[in-house]
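Reader: Before I use a model like this one, I would like to learn how to read its main features in order. Could we begin with the overall layout?

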Amino acid sequence: MRRTGTTRRGALTATGALALGAVLTGCGGDDEGAGGKQPARAATAKAEKALREKAVRDGALLLARYDLVAEAHPATAAGLVPLRAAVAEHGKALAPPRAKGEPKGDKAPPAPAGPVSADPKAAVRELAAAERRRADAHTEALLTAGPELARLLASVAAAAAAHAYLLTELAEETAL
């Protein structure tokens, strides 16, 4: 009997199509003339840095949420470890480059809002929802990002969408 509904293959295909579309959208040329490029570059660099900082902050909140769920529900920890590691790597990739001589301002990540659900399935579903919001936020940021950052954001958005799917599956497999 054939299974109906969303399959892993279908979800990954859709995620790949989303990433490819975002990458192709970000591959436009530079239409500016030679005059006035410096102020535009400075504004673009500032906007890109703000996008990167927001993405890193949001990723830090998500990492803290992963830690809280794994601590509250040890039975889910094994399934969360690889996804959490990927989120940490995304944070490193999205971090804005530091200028020479700039101190390494590693700040403690902000504490996530609200407690973790007492039900392991609900806690994992909440993580899946957070990953969906992250994918949506990165996809929306593609509209204002430069080509290189847009490609990176598209990849991270695709990964977040895949994480949301995998977390939904993990929630279904989690015993109470």
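Author: This is a predicted model, and a layout is best read along the chain: from the N terminus on, the elements of the protein chain run α-α-α-α-α, which comes to 5 helices and 0 strands.

Reader: Where is the predictor's confidence lowest and where is it highest among the elements?

Author: Where pLDDT is low, the predicted coordinates should not be read in detail. In this protein chain the average pLDDT is 79, and 68% of the residues score at least 70; among the elements, helix H1 (residues 8–25) has the lowest mean, 63, while helix H4 (residues 120–141) has the highest, 92.

Reader: How many Å should helix H3 span, and how far apart are its end C-alpha atoms?

Author: The expected span follows from a rise of 1.5 Å a residue, so the 21 residues of H3 (residues 74–94) should cover 30 Å, and the 29 Å between the end C-alpha atoms agrees with that. The end-to-end figure should be read together with the local bend, for H3 has a kink of about 50 degrees at Leu-80, shortly before the proline Pro-82.

Reader: Which residues of H3 are buried?

Author: Leu-80, the residue at the kink, is one of the buried residues of H3, and the others are Thr-76, Leu-83, Val-87, His-90 and Leu-94. For the protein chain as a whole, 34% of the 176 residues count as buried, and the accessible surface comes to about 10,900 Å², with 60% of that area belonging to carbon and sulfur atoms.

Reader: What share of the contacts between residues at least 6 apart in sequence joins residues at least 24 apart?

Author: In this protein chain, that share is 82%.

Technical notes:
Residues are numbered from 1 along each chain as its sequence is written. This is a predicted model: local features need pLDDT of at least 70, side-chain atom pairs count only at pLDDT 80 or more; totals for chains, interfaces and linings use all residues. Side-chain values use heavy atoms; hydrogens and water are left out. Helices (H or I, at least four residues) and strands (E, at least two) are DSSP runs, numbered from the N terminus. Buried means under 20% relative accessible area, exposed over 50%, partly exposed in between (1.4 Å probe, protein chains only). Contact means heavy atoms within 4.5 Å. Accessible areas come from the Shrake-Rupley method with a 1.4 Å probe; for residues, only the protein chains shown count as cover. pLDDT is the predictor's confidence in each residue, from 0 to 100. The expected span of a helix is 1.5 Å times one less than its number of residues. The bend at a residue is the angle between axes fitted to the seven residues ending there and the seven starting there.
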